[in-house]
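Work through the exercises below with the model in view. Each task is followed by a solution in steps.

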Amino acid sequence: MTDENNTPATVAVPNSPVIIHKQYLKDMSFENPNAPEILTMGNKAPEMDMNIGMDVNRLEHDEHENYYEVSLTLNASAVREGKAMFVAEIIYAATLSIEGLDEGKHHPILLIEIPQLLFPFARQVLAGVTQAGGFNALHLRPVDFRSMYLQRFAKENQPEKV
């Protein structure tokens, strides 16, 4: 009988070039201008407006050359029967560094991968604040940041027509 080693093989997992240092709620605003009347006003579905924005800032850091802050902004508002229900703005951000990766490859990481990582946290804050305002929690659907990126930068990279 041969002696077999049943120890699982170790697999080298490449280190991610992205290091998230902090993630945090940077700013939050919630307005409930017509409370308490709007909280009991009708059952008609509200008209919703939702916008998502992203911002990237390169920061100075003693230990990391490629150090950034990425901010994800969620703006949501609802109107029922011509009256504002709520207006909310959440800015959720992270500081991060990118190590060992050509700087030309940072752009899609900063505008696709990091917002994808931040979105569930910002979504949770937005759901909580709308619920605290007396409304049903606003649960946003997942967002395809890759498609948003491709749409935005495909337009910018097209040659101008003469």
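**Exercise 1. State what share of the residues of the protein counts as buried, and list the order of its elements.**

Solution. This is a predicted model, and every value below is computed from it. Step one is the burial count: of the 162 residues of the protein, 31% count as buried. Step two is the inventory, which gives 2 helices and 4 strands. Step three is their order, which from the N terminus on reads β-β-β-β-α-α. Step four concerns contacts between residues at least 6 apart in sequence: 71% of these join residues at least 24 apart.

**Exercise 2. Work out the order of the strands in the sheet and find its edge strands.**

Solution. Begin with the sheet as a whole: 4 strands form an open sheet, in the order E1-E4-E3-E2, with antiparallel pairing. The edges are strand E1 (18-31) and strand E2 (47-59), each of which pairs on one side only. On average, neighbouring strands of this sheet are turned by 15 degrees against each other, with direction ignored. As background, strands of a sheet pair through backbone hydrogen bonds, either parallel or antiparallel.

**Exercise 3. Describe how strand E3 pairs with E4 and with E2, giving residue pairs as examples.**

Solution. Take E4 to start with. Strand E3 (residues 67-80) and strand E4 (residues 83-98) are antiparallel and pair over 14 bridges. Serine 77 stands opposite valine 87 in E4. The bridge partner of alanine 76 in E4 is alanine 88.

Now take E2. Here 13 bridges join E2 to E3, and the two strands run antiparallel. An example is glycine 53, which stands opposite threonine 73 in E3.

Last, check how covered E3 is. Of its 14 residues, 12 are buried, so E3 is mostly covered, buried being under 20% relative accessible area.

**Exercise 4. Which residue takes a positive phi in the hairpin of E3 and E4, and is this residue buried, partly exposed or exposed?**

Solution. The hairpin has 2 residues between the strands, and glutamate 81 takes a positive phi near 50 degrees there. Glutamate 81 has this positive phi although it is not a glycine. The residue sits in the loop between E3 and E4. Its relative accessibility is 46%; partly exposed covers the range between 20% and 50%, so glutamate 81 counts as partly exposed.

**Exercise 5. Locate the cis peptide bond from alanine 35 to proline 36 and give its omega.**

Solution. The bond from alanine 35 to proline 36 is cis, and its omega is near 5 degrees. Proline 36 belongs to the loop between E1 and E2.

**Exercise 6. Describe how helix H1 lies on the sheet, then compare proline 142 with phenylalanine 135: which is buried and which is exposed?**

Solution. Helix H1 (residues 106-132) lies across E1, E2, E3 and E4, and runs at about 140 degrees to E4.

Proline 142 is in the loop between H1 and helix H2 (145-156). Its relative accessible area is 75%; the cut-off for exposed is over 50%, so proline 142 is exposed. Its C-alpha atom is separated by 9.1 Å from that of arginine 123, 19 residues apart along the chain.

Phenylalanine 135 is also placed in the loop between H1 and H2. With a relative accessible area of 11%, under the 20% cut-off, phenylalanine 135 is therefore buried. The C-alpha atoms of phenylalanine 135 and leucine 39 are separated by 7.2 Å, although these residues are 96 apart along the chain. Leaving aside neighbours within four places in sequence, phenylalanine 135 is in contact with Phe30, Asn32, Ile38, Leu39, Met85, Phe86 and Thr130.

**Exercise 7. Give the volume of the largest pocket and describe its lining.**

Solution. The largest pocket holds about 240 Å³ of space. It is lined by 13 residues, and those closest to its centre are Pro46, Arg80, Met85, Phe135 and Asn136. E3 and E4 are the elements that give two or more residues to this lining. Sorted by class, the lining has 10 nonpolar, 2 polar and 1 charged residues.

Note on methods:
Residues numbered from 1 in each chain as written. Predicted model: local features only at pLDDT ≥ 70, side-chain atom pairs only at ≥ 80, totals over all residues. Heavy atoms only, no water. Pairing = 2+ DSSP bridges. Axes fitted to C-alpha atoms, helices over the stretch in contact; angles between N-to-C directions. Contact = heavy atoms within 4.5 Å. 1 Å grid on protein atoms, 1.4 Å probe; cavity = no way out; pocket = protein on both sides within 12 Å on 5 of 7 lines; lining within 4 Å. Points joined across faces, edges and corners; volume = space filled by probe spheres on them. Nonpolar A, V, L, I, M, F, W, Y, C, P; charged D, E, K, R; others polar. Buried < 20%, exposed > 50% of the residue type's maximum accessible area, 1.4 Å probe, protein only.
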